[in-house]
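Here is a short report on one predicted model. It covers two helices, a ligand shell and two backbone outliers.

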Amino acid sequence: MLSLVIAESALELVPREIQKHNSVRASAKRLGKRPSEILLDVSWHFAAMKGIKNEIKRGRPDLIHFCLLEACSIPIYLENKLEVFVHTIDDKVIFLDKSVRLPKSYHRFAGLIEKLYSEGRIEGDGKNLLEIKKMGFGDLIKKINPKQVIGLSSEGISSSYQQLAEKIDKDACIVVGGFAKGEFSESVTKNFDKMISVDRNPLEAHIIISRILYELEKRIIT
Ligand SMILES: C[S@@+](CC[C@H](N)C(=O)[O-])C[C@H]1O[C@@H](n2cnc3c(N)ncnc32)[C@H](O)[C@@H]1O
């Protein structure tokens, strides 16, 4: 089956080293949670994040919300022809059950992901709707075991969405970065068979996801 990995996603809990910062304590208090229980979000924690490792690739959980809404509400996903995984910047993987319906409201999405981090799974209808596990990108690729791994990046070899969709194997894995700025790490790119650019401009991840999946959908669902 075709799979999509949103890789090195800017989705994580506030790291220990900045949990005592005023901006973190204030946002935790507003949410009625402990600093260790809330998502790192640059729009609230900008001052606290200054100088942390990999700063530009972190603290954008809203991007992952957009990407998941895009990927998990389209025919190719609803017809069980696509699996979606979220690999995070701190090497965790979120597994989504086909029947999961993600909240459209960002506020509710953030609450759900914070609950997932604290409990390890979100159950419903007797199954795990969401599950989070410690896992690196390479191990996730081994688990998916795709025929091809195609990384999408504005630094890749140029192609149109259509040309790419025509060449992709039906059991390929497409990898899109879940971050706003910066590039994939070497630990991720070393797993790619190809790295492709589908537009002359760097675009937001959810736009790339919607366009490439639409092209694949036209080919795969007929
Ligand atoms: C906002 S971009 C990250 C910035 C990165 N400098 C870049 O341009 O790829 C988020 C993700 O969208 C995808 N992306 C953005 N523009 C792209 C393009 N022109 N071609 C292919 N993928 C692209 C990549 O997977 C990228 O990691």
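## Helix H9 and its buried face

Ala205, His206, Ile208, Ile209, Ile212, Leu213 and Leu216 are the buried residues of H9. Buried means 20 or more other C-beta atoms within 10 Å of the residue's own; 12 or fewer is exposed, and anything in between is partly exposed, with C-beta atoms placed from the backbone. Helices (H or I, at least four residues) and strands (E, at least two) are DSSP runs, numbered from the N terminus. Viewed down the H9 axis, the buried residues fall within an arc of 145 degrees, so they line one face of the helix. The arc is taken over directions from the helix axis to the C-beta atoms. These buried residues pack against strand S1 (2-9), H3, helix H4 (75-78), S6, helix H7 (161-167) and S7. Contact here means C-beta atoms, placed from the backbone, within 7 Å.

The model is predicted: local features need pLDDT of at least 70, side-chain atom pairs count only at pLDDT 80 or more, and totals for chains, interfaces and linings use all residues. Residues are numbered from 1 along each chain as its sequence is written.

## Helix H3 and the helix spans

In H3, the buried residues are Pro61, Leu63, Ile64, His65, Cys67, Leu68, Glu70 and Ala71. Their cover includes S1, H4, strand S2 (82-88), helix H5 (106-119) and H9.

Expected span is 1.5 Å times one less than the number of residues. For H9, with 16 residues, the expected span is 22 Å, and the end C-alpha atoms are 22 Å apart, which agrees. For H3, with twelve residues, 16 Å is expected and the end C-alpha atoms are 16 Å apart, which also agrees.

## Ligand shell

Which residues come nearest to the ligand? Of the 17 around it, they are Leu152, Ser154, Gly177, Asp199 and Pro202. Near means a C-beta atom, placed from the backbone, within 6 Å. Strand S6 (149-158), strand S7 (173-177) and helix H9 (205-220) each give two or more residues to this shell. S6 gives the most, with three residues. The shell divides into nine nonpolar, four polar and four charged residues. Ala, Val, Leu, Ile, Met, Phe, Trp, Tyr, Cys and Pro count as nonpolar, Asp, Glu, Lys and Arg as charged, and the others, Gly among them, as polar.

## Positive phi

Two residues other than glycine have positive phi.

| Residue | Phi | Loop between |
|---|---|---|
| Asparagine 54 | near 60 degrees | helix H2 (42-49) and helix H3 (61-72) |
| Aspartate 125 | near 50 degrees | strand S4 (121-124) and strand S5 (127-134) |

Asparagine 54 is partly exposed, with 13 other C-beta atoms within 10 Å. Aspartate 125 counts as exposed, with 7 C-beta neighbours inside 10 Å.

Definitions and conventions:
Two residues are in contact if their C-beta atoms, placed from the backbone, lie within 7 Å.
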